[in-house]
Amino acid sequence: MESSRISLRPFKLTDVDDMMLWAGDDRVTRTIRWNTLTSKEEALTFIKEVCIPHPWRRSICIHDRSIGFVSVFPGSGDDRSRADVGYAIAVEYWGQGIATKAVKMAIPQVYSDFPEVIRLQALADVENKASQRVLEKAGFLKEGILRKYGYHKGKIVDLVMYSLLSTEYNDTTPSGPEKATFLTRVIEN
């Protein structure tokens, strides 16, 4: 997919029909904290009461149509140096690099919007290899597995912790084989 067609923007009430296509799909919501939306009214309320007032939630769009989201939850008080990242996209767009592109697009915006944040972190279910690849391709470093870390939809799960420090990030953060050299360079500096 041509990456120039992908954009991030705040949610709008007019996203309700598009949102139902992906947030109403159990395959999309099974690994995120959201419950599957079951009606247009529920989606409209969710956009109005959760998405729009959120400190940093963006709709992932193709030609300005919502196909997913990226959210950042900045910490406060003693936790203000870090922010948690979450994301999901519609099943029909899985495996096309769109989530990776969206996360990469979000990183500089988040560091600009929240200058006190120096650590972005994300948790991925140990079984969700696709989400782990998204984070790795976006430049995040796998820190380790948090065993029996918490409950997710009634089941206690193991999660993989990823992070990306502001000092490690630049617009040319490599992925793949070049990443090991990049990370070694960052750690040595």
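# A tour that starts at strand 4

Welcome! Begin by selecting residues 82-89, which form strand 4; of these 8 residues, 6 are buried, leaving the strand mostly covered. Keep in mind as you click around that this is a predicted model.

**Stop 1: the neighbours of strand 4**

Leave strand 4 highlighted and add residues 65-74, the span of strand 3. Strands 3 and 4 run antiparallel and are joined by 7 bridges. For one rung of this ladder, pick Phe 73 and look across to Asp 84, its bridge partner in strand 4.

Now add residues 119-125, which make up strand 5. Here the pairing is parallel, with 3 bridges between strand 4 and strand 5. Ala 83 is a good residue to select, with Leu 120 as its bridge partner in strand 5.

What lies between these two parallel strands in the unit they build? Colour residues 98-113 to find out: this is helix 4, and together with strand 4 and strand 5 it makes a right-handed β-α-β unit.

**Stop 2: Arg 119**

Move to Arg 119, a residue of strand 5. Is Arg 119 buried or exposed? Its relative accessibility is 18%, and because the cut-off for buried is under 20%, Arg 119 counts as buried. Show the side chains of Arg 119 and Glu 143, and you will find a polar contact of 2.8 Å joining them.

Next, draw the surroundings of Arg 119. Setting aside residues up to four places away in sequence, Arg 119 touches Ser 81, Arg 82, Ala 83, Tyr 111, Glu 143, Met 161, Ser 163, Leu 164 and Leu 165.

**Stop 3: the nonpolar core**

Time to look inside. The largest nonpolar core holds 50 residues, and the ones with the most contacts within it are Met 19, Trp 22, Ile 60, Val 70, Ile 107, Leu 120 and Phe 140. Which element gives the most to this core? It is helix 4, with 8 residues.

Select Met 19 to see one of these well-connected residues. Apart from neighbours within four places in sequence, Met 19 is in contact with Phe 11, Gly 24, Trp 34, Leu 37, Ala 43, Phe 46, Ile 47 and Cys 51.

Then go to Ala 106, which sits in helix 4. With a relative accessibility of 4%, Ala 106 counts as buried. Its contacts beyond four places in sequence are Leu 8, Trp 56 and Val 70. Try a distance label too: Ala 106 and Arg 58 are 48 residues apart in sequence, and their C-alpha atoms are 8.6 Å apart in space.

**Stop 4: the loop before helix 4**

Step back to Tyr 93, in the loop between strand 4 and helix 4. Although Tyr 93 belongs to a loop, its relative accessibility of 17% counts as buried. Label the C-alpha separation from Tyr 93 to Gly 68: it comes to 9.4 Å, for two residues 25 apart along the chain.

**Stop 5: helix 5**

Select residues 129-137 for helix 5 and highlight its buried residues Ser 131, Gln 132, Val 134 and Leu 135. Why do they sit on the same side of helix 5? They span an arc of only 155° around the axis, so they share one side. Turn the view to see what these buried residues pack against: strand 4, helix 4, strand 5 and strand 7, the last being residues 155-165. Just beyond, look for Gly 139, which follows helix 5 and has a positive phi, near 100°.

**Stop 6: two unusual backbone angles to check**

Finish the local stops in the loop between strand 2 (57-62) and strand 3, where you will find His 63. Phi of His 63 is positive, near 50°, in a residue other than glycine. His 63 is exposed, with a relative accessible area of 56%.

Asp 64 lies in the loop between strand 2 and strand 3 as well. Phi of Asp 64 is near 65°, again a positive value outside glycine. At 40% relative accessibility, Asp 64 counts as partly exposed.

**Last stop: the whole chain**

Zoom out and colour by secondary structure: there are 6 helices and 7 strands, in the order β-α-α-α-β-β-β-α-β-α-β-β-α along the sequence. Of the 189 residues, 44% count as buried. If you plot a contact map, residues 24 or more positions apart account for 60% of the contacts with a separation of 6 or more.

Conventions:
Residues numbered from 1 in each chain as written. Predicted model: local features only at pLDDT ≥ 70, side-chain atom pairs only at ≥ 80, totals over all residues. Heavy atoms only, no water. Helix = DSSP H or I, 4+ residues; strand = E, 2+ residues; numbered from the N terminus. Buried < 20%, exposed > 50% of the residue type's maximum accessible area, 1.4 Å probe, protein only. Polar contact = N/O pair within 3.5 Å; in protein donor to acceptor, adjacent residues only side chain to side chain. Contact = heavy atoms within 4.5 Å. Pairing = 2+ DSSP bridges. Right-handed = clockwise from strand over helix to strand, strands pointing away. Core = buried A, V, L, I, M, F, W, Y, C linked by side-chain atoms within 4.5 Å. Arc of directions from axis to C-beta.
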